[in-house]
Amino acid sequence: MRNEREVHWHEELGLPVAVSHAACSAVLRDRGLGRLWKDKEPVAAFGAFNMLHRNSLLENEPPTHTRLRRLISAAFGRGHTERLRPMVSRLADRLVENLADRIAADGSADLLEHVAGPLPVEVIGELLGVPAADRGLLQPWSNTIVKMYEYGVAPAQAALAEQASGEFAAYLRTLTGQPGLISDLVAVRDGSDRLSDDELVATGVLLLMAGHEATVNVIGNGVLALLRYRSQWELLVSTSDLLPGAVEELLRFDPPLQLFERTATAPVVVGEYEVAAGTKVAALLGAAARDPAVFDEPDRLDITRSPNPHLSFGAGIHYCVGAPLARVEIAAALRALCDRLPGLRLASEPLRRPEFVIRGLQSLPVTVE
C-alpha cells in the first residue's frame, strides 16, 4: 500500500488512512488537522463519557488546548517524574521478584498480570494521590473506557464505558485533599485562570488511560519482541547502557497505539490526498514505524537503532505530556527483568487482545531456563 501511495481510503473504517511515515507525521503536525471533539450520541446516554472528553487536553485545539497544556505542564513541572523515579525502580524490582516467585512455584507465570499491568497502575495511583487500597479500581475503569476508541463498539460495551466514566470521575472528585498531582492541579493558577472541576477530573482520567494503556502494552509487546529476537534480549541483558535505545526501539517496533485520528478544519492535502474540511483522516502509526524510507530494515528489531524518529508518542501540539514518565516506567521494568531473570523465555504462545486501535496482549506466559 505504501509503495502505491501514501494515503488510502479505507472502506471498513470509513476514512482515509496515512501509511507512510511522512504522511503520518503530516497528519499529526498539520495545523489544518485538529482534534475536534464531537459528543457521543445519544448525548443524554453518555453524559460522563462526553464530559471527560469535552474537557480533555487530547480532544481540544488552541486556544483551549494551549490554555490546558500550560496549566497542566505547570503541575508536571513540580518534578513529579523525577520524584517518582526511585519509587518506580523499587516497584519494578518488587514486581519482578513476585514474577520470579510465581515461576519458581508454578513453572511459569503471566508477565502482564505480575509486572506490566500493575506497574503503571501503581505509578499513576501514586502520581494522582490515589490511596493504595483503592488502586485496584483504576485498571478496570481504564480498560472499559478505552474500548470506546475502537470501531464498531457494541451498545452493551458503550454502556459499560459510560458507567466506568461516571464512577471514575466521581472518585477523582474525592481526591482534591490528598497529596499528589490532583491537589497540585487544584492549586495551579496562571494569573486568574485555573482548571475547572471538570477539566481537573478529565486530566486525571486522561493520565490514567494514556499512561496505563501505553506502558502496559509497550512492556508486553516489547518483552515479547525481545524474547522472540533472542539475540536482542541477550544483548540488552549484557549491556545495560543500551536500555534507553531499547525503550525507543520497542516503542517503534510494536507501538501500543496503532491509529490516531484528526479532523480537517480546512481543506488539507496529505500525501497528495485531498482531505475535505470537516472530514477525518487517520495516521496508521504501526505502518509509519515500518517505513523503509525512514528506518533501515524496519522489520528487524534493533535496540542499537539510531536515530529512531518513531511517532509512538505522537507529534506536534498533541505530543504525549506523559512521555517522560512512560519512558521511566518501561526502562525500570526492562532493567529489573534483565537483572533478576536473564534466562527469561516464553512459556507458551501469548494471547493478543482483539482490539485494533489499542494494540496489546491479554497474557504473556513466561518461564526461565
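This passage describes the sheets, helix packing and nonpolar cores of the structure shown above.

The structure is a predicted model, in which local features need pLDDT of at least 70 and side-chain atom pairs count only at pLDDT 80 or more, while totals for chains, interfaces and linings use all residues. Residues are numbered from 1 along each chain as its sequence is written, and side-chain values use heavy atoms, with hydrogens and water left out.

It is convenient to start with the sheets. Helices (H or I, at least four residues) and strands (E, at least two) are DSSP runs numbered from the N terminus, and two strands pair if DSSP finds at least two bridges between them. One open sheet has five strands in the order E1-E2-E8-E5-E3, with mixed pairing. Its edges are held by strand E1 (7–10) and strand E3 (33–34); each has a single partner strand, so one side of each is left without a neighbour in the sheet. E1 runs antiparallel to strand E2 (residues 15–18), and four bridges join the two. Within this pair, His8 stands opposite Val17 in E2. Helix H1 (residues 21–29) packs on this sheet and touches E1, E2, E3, strand E5 (259–264) and strand E8 (280–284). The direction of H1 makes about 130° with that of E8, where axes are lines fitted to C-alpha atoms, for helices over the stretch in contact, and angles run from 0 to 180 degrees between N-to-C directions.

A further open sheet consists of three strands in the order E4-E12-E9, paired in the antiparallel sense. E4 and E9 are the edge strands, each pairing on one side only. Helix H10 packs on this sheet, where it touches E9 and E12, and its direction makes about 95° with that of E9. Two bridges link strand E4 (residues 109–110) with strand E12 (residues 365–368): Ala109 has Val366 as its bridge partner, and Asp110 has Pro365. On the other pairing, strand E9 (residues 344–346) is joined to E12 by three bridges, and Val366 is the bridge partner of Leu346.

The helices also pack against one another. The axes of helix H2 (residues 47–54) and helix H8 (residues 155–172) come within 7 Å and cross at roughly 65°. This crossing is left-handed, that is, the near helix is turned anticlockwise from the far one by less than a right angle, whereas clockwise would make it right-handed. Gly47, Ala48, Phe49, Met51 and Leu52 of H2 meet Glu162, Ser165, Gly166 and Ala169 of H8, contact being heavy atoms within 4.5 Å. H8 also crosses H10, with axes that come within 9 Å at roughly 115°, and here the crossing is right-handed. Phe168, Ala169 and Leu172 of H8 make this contact with Val201, Gly204, Val205 and Leu208 of H10.

Helix H11 (residues 230–238) offers a clear view of a buried side, with Arg230, Gln232, Trp233 and Leu236 buried. Because these residues cover an arc of only 165° around the axis, they lie on the same side of H11; the arc is that of the directions from the helix axis to the C-beta atoms. Buried means under 20% relative accessible area, exposed over 50%, and partly exposed in between (1.4 Å probe, protein chains only). The face of H11 turned away from the buried side carries the exposed residues Ser231 and Ser238. Among the elements covering the buried residues are H10, helix H12 (243–253), helix H14 (323–340) and E9.

Turning to the interior, a nonpolar core is a set of buried Ala, Val, Leu, Ile, Met, Phe, Trp, Tyr and Cys residues joined through side-chain atoms within 4.5 Å. The largest such core has 92 residues, of which Leu99, Leu111, Leu119, Val223, Leu337 and Leu344 touch the most other members. Helix H10 (residues 197–228) gives the most to this core, with 15 residues. Beyond its neighbours within four places in sequence, Leu119 is in contact with Val88, Leu91, Ala92, Leu95, Ile219, Glu329 and Ala333. A second, separate core of 18 residues includes Ala18, Cys24, Val281 and Leu285.

A final site is Asn143, which belongs to helix H7 (residues 138–146) and counts as partly exposed at 22% relative accessibility. Apart from neighbours within four places in sequence, Asn143 is in contact with His212 and Glu213. Asn143 and Glu213 are 70 residues apart in sequence, with 7.9 Å between their C-alpha atoms.
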